[in-house]
Amino acid sequence: MKERGKLTVYTGPMYADKTTHLIGHAKEAGDNGIVFKPSLDDRFGGGDYIRSHNGEAHQAVLFDAKKPAEILKEIAKLEGISQAIIDEIQFCASDVVTILEKLLVQGLNVIVAGLDLDSEKNWFGSMQEIIEMADKVVNLTADCDGCGGDATLTYSKVPKEGVVAVGAGDLYGAACESCYGGLSKS
Ligand SMILES: [Zn+2]
């Protein structure tokens, strides 16, 4: 039996350069790694990219955020993959936790990035469970829009009607605990 893989989680608010770290791992892994990104619409397959805020990009395979089991199918098609890299994992349906466990049991090292909290300070998707099962958690911070200090939170710049997921650029910013209340419009 293969040795169990290790799970590394990069987390923090928006604009914390989480994807930059994933791109670094992807480059290092080369042909032994594969990068995935959940799709919230109906675009799936190859030919997509993960992008960092500083403009770096790396090829990624899109999968249906509601069907994270597609990750297993995609990896089964390939040989020599030892590392699975998944961006924006907070958007995945809750069975992603089971999928991660299967990848680790198969001996793959798994590196994921995701927002820990949504703009209401609630756990985003399955992030709490994913962080609890991680071998290593890297908490990243962004620059606070209010004071320029370390931001650990994502805030909404516009009032919300109903529950809208964090994702789009201009609608959200990063804040520290002290500035969050003054900046948040949600
Ligand atoms: Zn601040």
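**Exercise 1.** In this predicted model, determine where Lys121 lies and whether the residue is buried or exposed, or in between.

*Solution.* Step 1: Lys121 sits in the loop that runs between strand S6 (109-115) and helix H4 (127-133). Step 2: its phi is near 65 degrees, a positive value in a residue other than glycine. Step 3: a residue is buried with 20 or more other C-beta atoms within 10 Å and exposed with 12 or fewer. Lys121 has 16 C-beta neighbours inside 10 Å and therefore counts as partly exposed.

**Exercise 2.** Carry out the analysis for Asp17: state what its phi is and how many other C-beta atoms lie within 10 Å.

*Solution.* Step 1: Asp17 belongs to the loop between strand S1 (7-12) and helix H1 (18-29). Step 2: although Asp17 is not a glycine, its phi is positive, about 60 degrees. Step 3: there are 18 other C-beta atoms within 10 Å, so Asp17 is partly exposed.

**Exercise 3.** Establish which residues of H1 are buried and what covers them.

*Solution.* Step 1: the buried residues of H1 are Lys18, Thr19, Leu22, Ile23 and Ala26. Step 2: these residues lie on the same side of H1, because they cover an arc of only 130 degrees around the axis. Step 3: Lys27 and Glu28, on the other side of H1, are exposed. Step 4: the cover over the buried residues of H1 includes S1, strand S2 (33-39), strand S3 (45-51), strand S4 (57-64), strand S5 (83-86) and S6.

**Exercise 4.** Compare the span of H1 with the expected value, and state what phi Gly30 takes.

*Solution.* Step 1: the 12 residues of H1 reach 17 Å from first C-alpha to last, close to the 16 Å expected at 1.5 Å a residue. Step 2: Gly30, just after H1, takes a positive phi of about 55 degrees.

Notes. Residues numbered from 1 in each chain as written. Predicted model: local features only at pLDDT ≥ 70, side-chain atom pairs only at ≥ 80, totals over all residues. Helix = DSSP H or I, 4+ residues; strand = E, 2+ residues; numbered from the N terminus. Expected span 1.5 Å × (residues − 1). Arc of directions from axis to C-beta. Contact = placed C-beta atoms within 7 Å.
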